[in-house]
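This briefing concerns the side-chain interactions and nonpolar packing of one protein model. The points are grouped by topic for reference alongside the structure.

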Amino acid sequence: MSESTSTENSKTPDNAPKESNVDQAELDNFNRLSNTWWDTEGEFGALHKINPFRIEFIRRFQPLENQSVVDIGCGGGILSESLASAGAMVTGIDLAQEVLSVAKLHGLDSGIKVDYQLIAAEEYAELHAEEHDIVTCMEMLEHVPDPQAIIKAAALCVKPGGWVFFSTLNRNYKSYLLAIFAAEQVLNLVPKGTHTHEKFITPAEMDAMARQAGLYLRDSAGIQFNPLLNQYGLNENVDVNYLLAYQKAV
């Protein structure tokens, strides 16, 4: 869920990448909850419920079979495993070490092959420029200090003409009420403290950063999320959770 970042400090493992685009509090929070990642009715149950619709959105534009994919901010591997199950060759990268360990262990149990790596997106992009057919970065940009650096890294990773898919949260009063007040504080659908409203990104801000990185918007969709009515799916409303499909210039 979150690639996170860290300034160098005593909490950073000796073998962890030393990168600046990390919020250590975000990393600590996700690591603390790592053992609940694959509990479909637990604190990350919402991710499990929306995951099929993320796959559906990607497949509108690009088949996954035999495609090279890097999943930036892969977390415990929910999206990564689904991409691999659909026939893609998947690399999942993250900086939350304990969460990444959960992803690797779950992959051993499921038998679904994903190459998980503890590495920052910026560093990975420098090593693997224009290697991938598809790049995904879902529910992650709102957790880092510099989302534009991640968007640039995603654009660098993908081949010319390839696809980059983002999902994040819009920044407005409605998103605060639904994603933070209702989801975290009232309904306990996601762990308290998961989101910071000031870090949410409007679609216009996203598109400006993406264009600067050489990515061009092809389509968008909102993620319908109503746990009270048990309704989940895709629609055209990008007021709260939204998905964006970008293509890199050839």
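In this predicted model, the side chain of Asn21 makes a polar contact of 2.9 Å with the side chain of Glu122. The Asn21 side chain also reaches the backbone nitrogen of Asp146, at 2.9 Å. Asn21 is found in the segment before helix 1 (24-32), and its relative accessibility of 6% is under the 20% limit, so Asn21 counts as buried.

**Salt bridges**

- A search of the whole structure finds 7 salt bridges, including the three described below.
- Arg54 forms a salt bridge with Glu139, in which the closest N and O atoms are 2.4 Å apart. Arg54 lies in helix 2 (residues 45-59), whereas Glu139 is in the loop between strand 4 (132-138) and helix 6 (147-157); the pair therefore ties together parts that are 85 residues apart in sequence.
- Both partners of this bridge are on the buried side of the 20% limit: Arg54 has a relative accessible area of 4%, and Glu139 has a relative accessibility of 6%.
- Lys49 forms a salt bridge with Glu41, with 3.9 Å between the closest N and O atoms. This distance is counted because the cut-off for a salt bridge is 4 Å.
- Lys49 counts as partly exposed at 27% relative accessibility, while Glu41 counts as exposed at 65%.
- The side chains of Glu65 and Arg59 meet in a salt bridge, at 2.7 Å from N to O. Glu65 is partly exposed, with a relative accessible area of 38%, and Arg59 is likewise partly exposed, with 41%.

**Aromatic pairs**

- The count of aromatic pairs comes to 7. The ring centres of Trp37 and Phe44 lie 4.1 Å apart and the planes meet at 25°, so this pair is stacked.
- Trp37 is buried, with a relative accessible area of 1%, and Phe44 counts as buried at 3% relative accessibility.
- Trp163 and Phe165 also form a stacked aromatic pair, with 6.1 Å from centre to centre and 15° between the planes. Trp163 and Phe165 are both buried.
- Ring pairs join Phe57, Phe61, Trp163 and Phe165 into a cluster.

**Nonpolar cores**

- In soluble globular proteins, nonpolar side chains tend to be buried together.
- The largest nonpolar core in the model has 41 residues. Those with the most contacts inside this core are Trp37, Phe57, Leu64, Leu83, Val90 and Phe165.
- Helix 2 contributes the largest share of this core, 6 residues.
- Apart from the largest core lies another core, of 30 residues, among them Val70, Tyr124, Ala125 and Cys137.
- Leaving aside residues up to four places away in sequence, Phe57 touches Phe165, Asp219, Ser220, Ala221, Leu234, Leu243, Leu244 and Ala245.
- Phe57 and Phe165 recur across these topics: they belong to the ring cluster, and they are among the residues with the most contacts inside the largest core.
- Trp37 likewise appears twice, as a partner of Phe44 in a stacked pair and as one of the residues with the most contacts inside the largest core.

Definitions and conventions:
Residues are numbered from 1 along each chain as its sequence is written. This is a predicted model: local features need pLDDT of at least 70, side-chain atom pairs count only at pLDDT 80 or more; totals for chains, interfaces and linings use all residues. Side-chain values use heavy atoms; hydrogens and water are left out. Buried means under 20% relative accessible area, exposed over 50%, partly exposed in between (1.4 Å probe, protein chains only). Helices (H or I, at least four residues) and strands (E, at least two) are DSSP runs, numbered from the N terminus. A polar contact is a pair of N or O atoms within 3.5 Å; within protein, one must be able to donate a hydrogen and the other to accept it, and residues adjacent in sequence count only if both atoms are side-chain atoms. Rings of Phe, Tyr and Trp (its six-membered ring) pair if their centres lie within 6.5 Å; planes under 30 degrees apart count as stacked, over 60 as edge-to-face and the rest as tilted. A nonpolar core is a set of buried Ala, Val, Leu, Ile, Met, Phe, Trp, Tyr and Cys residues joined through side-chain atoms within 4.5 Å. Contact means heavy atoms within 4.5 Å.
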